[in-house]
Structures are given as structure tokens and as C-alpha cells.
Amino acid sequence: IMLTALTAFMGARIISVGEGLDGFANEGLMTVLTLFVVAEGISKTGALDWYMGKLLGRPSTATSAQIRLMIPIAVVSAFLNNTPIVVVMIPIVQRWAKDSRIPIQQLLIPLSFATILGGTCTLIGTSTNLVVAELLVNRYPGDPSKKIGLFDLGLYGVPVALGGLCYILVASPYLLPGGTRKKNGESTSPLDNHEDILLGARLT
């Protein structure tokens, strides 16, 4: 939809071709695209599996698994773009959850939110920060007060990240599937309630 609208705008001369293609030369966008290639290579080769397995260990509960996962991911996400981190970690977390017998539903949302929260702590933590910083420089050239430093966002990002991680630990047993807490005497897992599960398969 976005590319179609962009093409229509250029065809109608609402914007010039140069203006339409200017966003694709953004350093933040190119950084994300490049890291996607790196993330795919790491995922295919399994280069991080052994190291992450040693770092994450063998938790006995979903809460301990979330702590082991979210803290290092939030720290790493503060210095690497968060989207490729999620791309790399999803297959690793899936295998880790299966080996540790932890419900995968209790780990994927915390993984995603930990990268988002960690990315708010530094300028390079998320592509949004990079894009906004470059737009400020382009709009106010030569004005040093409009430049965002690497750790300027940490004044607000670190407290928000810590609060968000604590909230995930407290709320996930109640809000995410596979939680151990029960509501009104019933388990939150559909398997424990003997509900029907519909499975689909495609044969080619």
C-alpha cells in the first residue's frame, strides 16, 4: 500500500522522484536492512545456539526463564537494532523453551517487549531513534542543540525499561497463555481445560 501510494504521488508529480526515493537512502533504514542479512546468516548457521544455551541455562519456572531471557536481551538491544535481535532470537528461544519445558507463549512476548524497552535506552537501540535523529539534523543543520547523543535517551529510557520488565514479570502469568496462575479456579491453558484443538495440514 505504501509503495503504491508513493508511486502514485511520484506519477502525479505531487512529489519528485528524488523526494520519493530519499527515504531509501536513510542510514537508519539501511542499517536495519543490513542487520537483517546478518541475522539470517546467524539463524541459518546456528552460530549463537551454543552460546545462548550456556547463557540462558536451564530454568525451572517461566518466571526465571523470563528473567534469564529479558535482562541480557534488553542490554544487547540498547546497542544493537532491536528488529534483527528478535529475528535471531526467535528460533533460539523456541528450541530453548522446548528443551527447558517452558511454555513458549510465556517467552515470545517478553522477548519482543524486552528488545523494545532496551532499544529506548540509547540512540542506536532502535531504527526509530536513528531516523528521528537524522531528521533533526537535516531540519536544523549546524545547530548542535538539536543533535541527540548516544546516551541522551537513557535518562528516560532506563527507568521505563526497568518498569516495563517488572510489569512483564508480574502480569505475564495472568495475561499470557501457558501461565501458571489460575483464574476463578480454572487453568489458563486450553489443554488443561480439555478444549478441542483444531490442527491443519497441507499436503502437496
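These exercises with worked solutions walk through one predicted chain.

The model is predicted: local features need pLDDT of at least 70, side-chain atom pairs count only at pLDDT 80 or more, and totals for chains, interfaces and linings use all residues. Residues are numbered from 1 along each chain as its sequence is written, and side-chain values use heavy atoms, with hydrogens and water left out.

**Exercise 1. Find the secondary structure and the share of buried residues.**

Step 1. Count the elements. The chain has nine helices and zero strands. Here helices (H or I, at least four residues) and strands (E, at least two) are DSSP runs, numbered from the N terminus.

Step 2. Read the order. From the N terminus on, the pattern is α-α-α-α-α-α-α-α-α.

Step 3. Check burial. Of the 204 residues, 31% are buried. Buried means under 20% relative accessible area, exposed over 50%, and partly exposed in between (1.4 Å probe, protein chains only).

Step 4. Look at contacts, meaning heavy atoms within 4.5 Å. Take those between residues at least 6 apart in sequence: 68% of them join residues at least 24 apart.

**Exercise 2. State how far the prediction can be trusted along the chain, using pLDDT.**

Step 1. Know the scale. pLDDT is the predictor's confidence in each residue, from 0 to 100.

Step 2. Take the mean. It is 82 for the chain, and 88% of the residues reach 70 or more.

Step 3. Find the weak stretch. Residues 182–194 have a pLDDT below 50, and this stretch has nine contacts in the model beyond near neighbours in sequence.

Step 4. Apply the caution. Where pLDDT is low, the predicted coordinates should not be read in detail.

**Exercise 3. Describe how helix α7 packs with helix α9.**

Step 1. Choose the descriptors. Two packed helices are described by the angle between their axes and the distance between the axes. Axes are lines fitted to C-alpha atoms, for helices over the stretch in contact, and angles run from 0 to 180 degrees between N-to-C directions.

Step 2. Read the values. Helix α7 (residues 105–119) and helix α9 (residues 154–175) pack at about 170 degrees, with axes 10 Å apart.

Step 3. Classify the angle. The angle makes α7 roughly antiparallel to α9. The classes are under 35 degrees for roughly parallel, over 145 for roughly antiparallel, 65 to 115 for roughly perpendicular, and oblique for the rest.

Step 4. List the residues. Helix α7 gives Q106, P110, F113, A114 and L117. Helix α9 gives V160, A161, G164, L165, I168, S172 and P173.

Step 5. Sort them. Nine are nonpolar, three are polar and none is charged. Ala, Val, Leu, Ile, Met, Phe, Trp, Tyr, Cys and Pro count as nonpolar; Asp, Glu, Lys and Arg count as charged; the others, Gly among them, count as polar.

**Exercise 4. Locate the largest nonpolar core and follow I73.**

Step 1. Fix the term. A nonpolar core is a set of buried Ala, Val, Leu, Ile, Met, Phe, Trp, Tyr and Cys residues joined through side-chain atoms within 4.5 Å.

Step 2. Count. The largest core has 25 residues, and L69, I73, M89 and L107 have the most contacts inside it.

Step 3. Name the sources. Helices α4 (49–56), α5 (62–77), α6 (82–100), α7 and α9 each give two or more residues. Helix α6 gives the largest share, seven residues.

Step 4. Follow I73. Leaving aside neighbours within four places in sequence, I73 contacts I85, M89, L111, A114 and T115.

**Exercise 5. Place Q66 and T126, and list what each touches.**

Step 1. Take Q66. This residue is in helix α5. Q66 is buried, because its relative accessible area is 0%. Beyond neighbours within four places, Q66 contacts Q106, L107, P110, I168, L169 and S172.

Step 2. Take T126. This residue is in the loop between α7 and α8 (127–139). At 13% relative accessibility, T126 is buried. Not counting residues up to four places away, T126 touches N81, N82 and G119.

**Exercise 6. Describe the phi angles and surroundings of R13 and R101.**

Step 1. Recall the rule. Most residues other than glycine have a negative phi.

Step 2. Take R13. Its phi is positive, near 60 degrees. R13 lies in the loop between α1 (2–11) and α2 (17–22). R13 is exposed, at 75% relative accessibility.

Step 3. Take R101. Its phi is also positive, about 60 degrees. R101 is in the loop between α6 and α7. R101 counts as exposed, because its relative accessibility is 75%.
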